[in-house]
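I opened this notebook to record, step by step, what I looked up in one chain. The entries run from the whole chain to single residues.

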Amino acid sequence: MTAQHIPVLRLVALERAFHQGTREIHVLAGASIDVWAGQCVALVGPSGSGKSTLLHIAGLLETPDSGHVVVAGRDCGTLDDHARTLIRRTDMGFIYQFHQLLPEFSAMENVAIPQMILGRSRREGEERARKLLSALGLADRLDHRPAQLSGGEQQRTAICRALANRPRLILADEPTGNLDPHTSELVFQELIGLFRSEGVAALIATHNLDLARRMDRVVILDRGLLVEISPNQI
C-alpha cells in the first residue's frame, strides 16, 4: 500500500480508565479514527470528556489501556521510549493553549532550535524559521523574545515551531483558547492556511464550535467513543 493510501494517524479501539477513589472512570471506551494527510479534523466535546487524554495518547505521551496508535503505518504499541521520542520529534508537532516558548530565546531561535536538535545546521534552521514566521506575518519580529511579543504573536511562533521539522501530524489542544476573539480568528485562519500549505494532518481539540465547523471534519468525543458528524451539523 502506498503512503497516500495510509492514514497519517490511525487510532484503533482506544480504551483508557482512571481510578477516582473506588470509582473507575472510563474516559475512552473504544475510540477510533483515521486522519489523512491534508485534513484538519476538529475534536469537540465537553470539558472532562477526555479530549486531552486522547491527544496525549495519539502523541505517544501516554499509553492506552488497550487499543492501537498507528502513525504513518507504524504501530507504536511495541516501541520503546527512545523510538517513541524519535517519532514525536520527526513525525509530530504539538500546539498547546499556552505557547510554552523558551523565554530566553528569540522567536527565530525558538523555531530553529527543534531543527538543530535533529541535526540541521543553524543556517538551515534559521532559514526555515524565517520562512515560517514570515508566512504568519512575523518577519519584523524574528529577533524578539516571547515577553516582547503579543499573545497572538507568541501563539503564531508556537505554530511555526510545531511545523519546523516538517511533521506529518499536528496535534493541537485549544490552540486559540487563550486569545481574545479577534486575535483568535486571525490566528485560526493563519493556522489552517499554513497546515494546508504544508500538507500535514491535524487533529485539533477546541471548544469553539464556530472554528470547528470550518474544518474539514468534526468528531465528537461522546462517552468514550469518537462520533463523526458533518461540520454543518454543529
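The entries below begin with overall values and then turn to individual residues and their surroundings.

**Entry 1, the whole chain.** I note at the outset that this is a predicted model, and I read every value below with that in mind. I looked up the secondary structure and found 7 helices and 10 strands in the chain. I then asked how the radius of gyration of the chain stands against that of a compact globule. For 234 residues such a globule would have a radius near 17 Å, and the chain has 18 Å, which agrees. Along the principal axes, the C-alpha atoms fill a box of roughly 50 × 40 × 40 Å.

**Entry 2, burial, contacts and surface.** I looked up how much of the chain is covered and found that 48% of the 234 residues count as buried. Among the contacts with a separation of 6 or more, I found that 70% come from residues 24 or more positions apart. The accessible surface comes to about 11300 Å², and carbon and sulfur atoms account for 51% of that surface. For the charges, I found 25 positive and 27 negative side chains, with the centres of the two sets lying 3 Å apart.

**Entry 3, R128 and its helix.** I went next to R128, which lies in helix α4, residues 122-135. Is R128 buried or exposed? Its relative accessibility is 5%, and because buried means under 20%, R128 counts as buried. I then looked for what its side chain reaches, and found the backbone oxygen of L163 at 2.9 Å. Leaving out residues up to four places away in sequence, R128 touches Q115, L163, A164, R166 and E198.

**Entry 4, helix α3 and its cover.** One of the residues that R128 touches is Q115, and I found Q115 listed with A107, M108, N110, V111 and A112 as buried in helix α3, residues 107-117. I asked which elements are included in what covers the buried residues of α3. They include α4 and α5, the latter spanning 151-163. From the α4 side I also looked up E126, which lies in that helix and, apart from neighbours within four places in sequence, is in contact with M108 and A112. I set beside this a longer separation: the C-alpha atoms of E126 and A172 are 46 residues apart along the chain and 24 Å apart in space. After α3 comes G119, whose phi is positive, near 105 degrees.

**Entry 5, positive phi outside glycine.** I looked up two residues other than glycine with positive phi, namely L60, near 65 degrees, and R223, near 50 degrees. L60 is placed in the loop between α1 (51-58) and β4 (66-71), whereas R223 lies in the loop between β9 (217-222) and β10 (225-229). I then asked of each whether it is buried or exposed. L60 has a relative accessibility of 3% and therefore counts as buried, while R223, with a relative accessible area of 74%, is exposed.

**Entry 6, D173 in strand β7.** D173 is found in strand β7, residues 169-173, and with a relative accessible area of 17% it is buried. I looked up its surroundings, setting aside residues up to four places away in sequence, and found that D173 touches S52, L55, I95, Y96, Q97 and A205. With S52 there is a polar contact between the two side chains, at 2.7 Å. For Q97 I also noted the separation, which is 76 residues in sequence and 6.1 Å in space, C-alpha to C-alpha.

**Entry 7, A205 in strand β8.** From D173 I followed the contact to A205, which lies in strand β8, residues 201-205. A205 is buried, with a relative accessible area of 0%. Beyond its neighbours within four places in sequence, A205 is in contact with L43, K51, L55, A172, D173, E174 and P175. L55 is thus listed for A205 and also among the residues that D173 touches. As a last item I looked up G177, which is 28 residues from A205 in sequence and 10.0 Å from A205 in space, C-alpha to C-alpha.

Definitions and conventions. Residues numbered from 1 in each chain as written. Predicted model: local features only at pLDDT ≥ 70, side-chain atom pairs only at ≥ 80, totals over all residues. Heavy atoms only, no water. Helix = DSSP H or I, 4+ residues; strand = E, 2+ residues; numbered from the N terminus. Rg over C-alpha atoms; globule rule 2.2 N^0.38 Å. Buried < 20%, exposed > 50% of the residue type's maximum accessible area, 1.4 Å probe, protein only. Contact = heavy atoms within 4.5 Å. Areas by Shrake-Rupley, 256 points an atom, 1.4 Å probe, with all protein chains shown as cover. Lys, Arg positive; Asp, Glu negative; His and termini not counted. Charge placed at Lys NZ, Arg CZ, Asp CG, Glu CD. Polar contact = N/O pair within 3.5 Å; in protein donor to acceptor, adjacent residues only side chain to side chain.
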